[in-house]
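The following paragraphs lead the reader through one protein chain, taking its charged groups, its strands and its aromatic rings in turn. Please keep the sequence and the coordinates at hand.

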Amino acid sequence: DGTLWISSTSGFLTLSPEKTLTKIELPSTVKSAGGPFSFRLVRYKKVVIWFKSGSSSLYSFEPHTKTFNHHSLNGILGIDISSLTTSSIAIDSSDNIWLGTEQGLISFNRNKETFEVFSEESTKRIGQALIYAMDFDSFGNLWIGAASIGLVKYENRAILKSYSHTPGDLTTLSPGWVNHIIESSDGKIWITTSDQTGGI
């Protein structure tokens, strides 16, 4: 509706199209660390404002009802919540919330309301850098700005893996080219091959 949301070291303000400035009253449980990353916010489908606070907690705010929901990060990395700095926040195409910390990436599944520490061998170095900024582009790639490692791009793409026949090894595919692929109800993939000595 043209409202501008502003985050500061002490909370949030809104600026209406009519140039009216309004301070959002935060719950007493929301504490500011007083630093430049105390509060960061992202909007979810113009309905809910997600934000992180200086106390390393994740909150959602419904502007129409003025209600807050709190999700604690305590113990997610096996450390006390007060020692975890969350400096950035972003939302992916599946509506999951991503938090950048000085110890890597943490994602929040909005439907299950559970946190998960992001672990990927190719992005191991992110775990030792303070993530200042994050954003998802229109292709779903996550762009990360972090101290000491600069700009990092993470592409959530499937890695193609090849399977073939090895003579004498019954744990590999049967010989010949694959001509049928079917998934059974238990999740197994059944494959037939074309060679006269082939199989399933």
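**Charged and polar contacts, strands and rings**

The count of salt bridges comes to 1. It is formed by the side chains of Asp 95 and Arg 110, at 3.8 Å from N to O. Asp 95 belongs to the loop between S8 and S9, and Arg 110 to the loop between S10 and strand S11 (114–117), so the pair ties together parts that are 15 residues apart in sequence. The two partners can also be described by their accessibility. Asp 95 is buried, with a relative accessible area of 15%, while Arg 110 has a relative accessibility of 26% and counts as partly exposed.

The model is predicted, and its confidence should be kept in mind throughout. The mean pLDDT of the chain is 78, with 80% of the residues at 70 or more. Confidence is highest in strand S3 (residues 21–24), at a mean of 89, and lowest in strand S4 (residues 40–44), at 75.

A further acidic residue, Asp 92, is found in the loop between strand S8 (86–91) and strand S9 (97–101). What is the nearest side chain of opposite charge to Asp 92, and how far away is it? It is Arg 110, at 8.1 Å; Asp 92 is buried and has no salt bridge. The cut-off for such a bridge is 4 Å between a side-chain nitrogen of Lys or Arg and a carboxyl oxygen of Asp or Glu. The side chain of Asp 92 does, however, place a polar atom 2.8 Å from the backbone nitrogen of Asn 96.

A second polar site is centred on Thr 193, in strand S16 (residues 189–193). Thr 193 is buried, with a relative accessible area of 10%. Its side chain makes a polar contact of 2.6 Å with the side chain of Ser 174. The side chain of Thr 193 also reaches the backbone oxygen of Pro 175, at 2.9 Å.

Attention now turns to strand pairing. Strand S13 (residues 142–146) pairs with strand S12 (residues 131–136) in the antiparallel sense over 5 bridges, and 5 bridges also join S13 to strand S14 (residues 150–154), again antiparallel. On the S12 side, Gly 145 of S13 is the bridge partner of Ala 133; on the S14 side, Ile 144 has Val 152 as its bridge partner. The hairpin of S12 and S13 has 5 residues between the strands, and Gly 140 takes a positive phi near 90 degrees there. Which residues of S13 form its covered face, and which its uncovered one? Leu 142, Ile 144 and Ala 146 make up the covered face, whereas Trp 143 and Gly 145 make up the uncovered face.

The aromatic residues complete the picture. The whole structure contains 5 aromatic pairs. In one of these, Trp 50 and Phe 108 form a tilted pair, with 5.8 Å between centres and 55 degrees between planes. Trp 50 lies in strand S5 (residues 48–52) and Phe 108 in strand S10 (residues 104–109), so this pair ties together parts that are 58 residues apart in sequence. Trp 50 and Phe 108 are both buried, and the relative accessible area of Phe 108 is 1%. Phe 108 also forms a tilted pair with Phe 115, at 4.7 Å centre to centre and 50 degrees between the planes. Elsewhere in the sequence, ring pairs link Trp 5, Phe 61 and Phe 68 into a cluster.

Terms used
Residues numbered from 1 in each chain as written. Heavy atoms only, no water. Buried < 20%, exposed > 50% of the residue type's maximum accessible area, 1.4 Å probe, protein only. Helix = DSSP H or I, 4+ residues; strand = E, 2+ residues; numbered from the N terminus. Pairing = 2+ DSSP bridges. pLDDT = per-residue confidence, 0-100. Phe/Tyr/Trp six-rings, centres within 6.5 Å; stacked < 30°, edge-to-face > 60°. Lys, Arg positive; Asp, Glu negative; His and termini not counted. Polar contact = N/O pair within 3.5 Å; in protein donor to acceptor, adjacent residues only side chain to side chain.
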